[in-house]
Amino acid sequence: QVQLVESGGGLVQPGGSLRLSCTASGFTFSSRTMAWYRRPPGKEREEIARISSSSSSTNYADSVKGRFTISRDNAKNTVTLQMNSLKPEDTAVYYCRAPTLSSWGQGTQVTVSS
């Protein structure tokens, strides 16, 4: 079955950086668009970054554009989110997912606080 395992979260000060990773299995990773989502405390989950199967196309939510970078390695079935210039409002649980599949991973907590 589809499995998604996110890692790399933690506590970071404002202005800092984190690199999140997601390892996928149970489907043909290299043929699927992948995306990162986040759920801030008390808010709905939102999509923040998306990358096409071949990495030829990426899209970002306005809230993270210019600060976050999504990438993937189809040989390793991984998708990565590099997060720079972090702000307190980036605090959330972060998830990866193939948008055309219904499965979610457990997520990884990112807390931005001084």
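These questions and answers look at one aromatic cluster and one strand in a predicted model.

Modeller: Local features here need pLDDT of at least 70, side-chain atom pairs count only at pLDDT 80 or more, and totals for chains, interfaces and linings use all residues. Residues are numbered from 1 along each chain as its sequence is written, and side-chain values use heavy atoms, with hydrogens and water left out.

Biologist: Is Trp104 buried, partly exposed or exposed?

Modeller: Buried means under 20% relative accessible area, exposed over 50%, and partly exposed in between (1.4 Å probe, protein chains only). Trp104 has 31% relative accessibility, so Trp104 counts as partly exposed.

Biologist: Which residues form one aromatic cluster with Trp104?

Modeller: Rings of Phe, Tyr and Trp (its six-membered ring) pair if their centres lie within 6.5 Å; planes under 30 degrees apart count as stacked, over 60 as edge-to-face and the rest as tilted. The structure holds three aromatic pairs. Tyr37 and Trp104 are edge-to-face, with centres 4.8 Å apart and 70° between the planes. Tyr95 and Trp104 are also edge-to-face, at 5.8 Å and 80°, and the cluster partners of Trp104 are Tyr37 and Tyr95.

Biologist: Which ring does the charged end of Arg45 sit over?

Modeller: A charge sits over a ring if NZ of Lys or CZ of Arg is within 6 Å of the ring centre and within 35 degrees of the ring normal. For Arg45 the distance is 4.6 Å, and the ring belongs to Tyr95.

Biologist: Which side chains of strand β7 point to the buried face?

Modeller: Strands (E, at least two residues) are DSSP runs, numbered from the N terminus. Side chains alternate along β7 (residues 68–73). Thr69, Ser71 and Asp73 point to one face and are not buried; pointing to the other, and buried, are Phe68, Ile70 and Arg72.

Definitions and conventions. Helix = DSSP H or I, 4+ residues; strand = E, 2+ residues; numbered from the N terminus.
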